[in-house]
Amino acid sequence: MASSGAQIIDGRALADRFRAEIRRDVQALRSRGGSVSLDAVLVDGPPGPDGRNSARTYAESQKSGCAELGIDYRLHVLPHRATYEDIAGRVLLLNADERVTAVMVHLPLPEGVDPYRIQSLIDAGKDVEGVNPANIGNVVYDRSSLVPCTALAVMKMVDSTGAELRGAEVVCVGASNIVGKPVAILMMQREATVHSCNKYTRDLASMTRRADVLIAAAGKANLITADMVKPGAVVIDVGINRVHDPATGKKRIIGDVAFDEVRPVAGWLSPVPGGVGPVTVAMLLRNTVDAARG
Ligand code: NAD
């Protein structure tokens, strides 16, 4: 039976709630004489087609997001010709500095520098993006760990709907290391029945139609159409796709889910923008406070 229309999972409102909690935790830490900070390494790059350097723009918004919650933010900018040794050296310095409790490295890195090798160097206890293999490994072991922020955001969004995950069928469309795979594992920890799909999956629609909880994280605009969604399902749209809008002649951001047509079918639906994105940003700050608490 089709539902009358999905309830929208408001990522901005959810992120506000998390930020209020984080602010309280930062105050409590500081009142005990502790400090909370985030050190971010960024390799400078050329400006994009819009004249702005997107990593710099992201770093600026991080800075203000941290300031708002009382978290100190230090940006370490390396020149665009930085080598593996330069970046690794900076990460190792931050690892060794006792005042530093949280470290992240902005992507992209210069051509020829393997992000995996850099991420593997970040001290696991300071790795607030959860990209060090030790943290990813602890997700598999279901041990306390800094979990990749977007995967954590997806779990928080599903939990905000009150959906029971034990025994539910969960379909993850997309199996990247930072989103699809960790989400699938986190869902398995919750004793859901999990199907992981990728671009070679045969008859994707027959898989997605089974999903009580459908996670779209493929990076393909409008991949998930109404006929692919089980009535009443929880649908989380992780995709960020920049498309040309003929109405305005400008670019705009849309998700992997054809929002307007899926909305009458799904039970819960997260929009893009204003869905997973803001919650992911909040989860980075959540991890930052957790890392400071040790
Ligand atoms: P990725 O490009 O590393 O991997 C994409 C995955 O999707 C692969 O497993 C691929 O096989 C699968 N895929 C591609 N086309 C498919 C198709 N037609 N059918 C089924 N599977 C298909 O992706 P990523 O880095 O995980 O990013 C995925 C999307 O999520 C992107 O749009 C990205 O911008 C977005 N993203 C959003 C956030 C956020 O905070 N909102 C964070 C990270 C990524």
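This report describes the domains, sheets, helices and some individual residues of one predicted protein model.

## Basis of the description

Because this is a predicted model, local features are described only where pLDDT is at least 70, and side-chain atom pairs count only at pLDDT 80 or more, whereas totals for chains, interfaces and linings use all residues. Residues are numbered from 1 along each chain as its sequence is written, and side-chain values use heavy atoms, with hydrogens and water left out.

## Two domains

The domain assignment of the protein chain gives domain 1 (34-123) and domain 2 (148-277), and such bounds come from an automatic or database domain assignment. The C-alpha centres of domain 1 and domain 2 lie 29 Å apart.

## The sheet of three strands

Helices and strands are DSSP runs numbered from the N terminus, a helix being H or I with at least four residues and a strand being E with at least two. Two strands are said to pair if DSSP finds at least two bridges between them. One open sheet has three strands in the order β3-β2-β4, with parallel pairing. In this sheet β3 and β4 (103-105) stand at the edges with a single partner strand each, so one side of each is left without a neighbour in the sheet. From one strand to the next, the twist averages 20°; here axes are lines fitted to C-alpha atoms, for helices over the stretch in contact, and angles run from 0 to 180 degrees between N-to-C directions.

Strand β2 (residues 37-43) is joined to strand β3 (residues 72-78) by seven bridges, and Leu 38 stands opposite Tyr 73 in β3. Between these two strands the chain passes through helix α2 (residues 54-69), in a β-α-β crossover that is right-handed, a term used if, with the strands pointing away from the viewer, the path from the first strand over the helix to the second runs clockwise. On its other pairing, β2 is joined to β4 by three bridges, with Asp 39 opposite Val 103 in β4. Helix α2 packs on the sheet, touching β2, β3 and β4, and its direction makes about 160° with that of β3; contact means heavy atoms within 4.5 Å.

Where in this sheet is His 76 placed? His 76 belongs to strand β3, and it is buried, with a relative accessible area of 14%. The term buried means under 20% relative accessible area, exposed means over 50%, and partly exposed lies in between (1.4 Å probe, protein chains only). Not counting residues up to four places away in sequence, His 76 touches Asp 39, Ala 40, Val 41, Leu 42, Arg 90 and Leu 94.

## The sheet of six strands

A further open sheet has six strands in the order β1-β11-β8-β7-β5-β6, and the pairing is parallel. Its edge strands are β1 (7-8) and β6, each of which pairs on one side only. Strand β5 (residues 169-173) and strand β6 (residues 193-197) pair over five bridges, and the chain crosses from β5 to β6 through helix α7 (residues 180-189) in a right-handed β-α-β crossover.

## Helices α6 and α1

Helix α6 (residues 149-160) has twelve residues, which at 1.5 Å a residue should span 16 Å, and its end C-alpha atoms are indeed 16 Å apart; the expected span is 1.5 Å times one less than the number of residues. Nine of the twelve residues of α6 are buried, and these pack against α1, α7, β7 (213-216), β8 (234-237) and α10 (276-293).

Ile 22 lies in helix α1 (residues 11-31) and is buried, with a relative accessible area of 0%. Leaving aside neighbours within four places in sequence, the contacts of Ile 22 include Leu 69, Ile 71 and Val 289.

## Unusual backbone angles

Most residues other than glycine have a negative phi, and most peptide bonds are trans. Asp 142, in the loop between α5 (133-141) and α6, has a positive phi of about 60° although it is not a glycine, and at 52% relative accessibility Asp 142 counts as exposed. Asn 222 likewise has a positive phi, of about 55°, but is partly exposed, with a relative accessible area of 39%.

A cis peptide bond joins Leu 107 and Pro 108, with omega about 5°, and the peptide bond from Val 272 to Pro 273 is cis, with omega near 0°.
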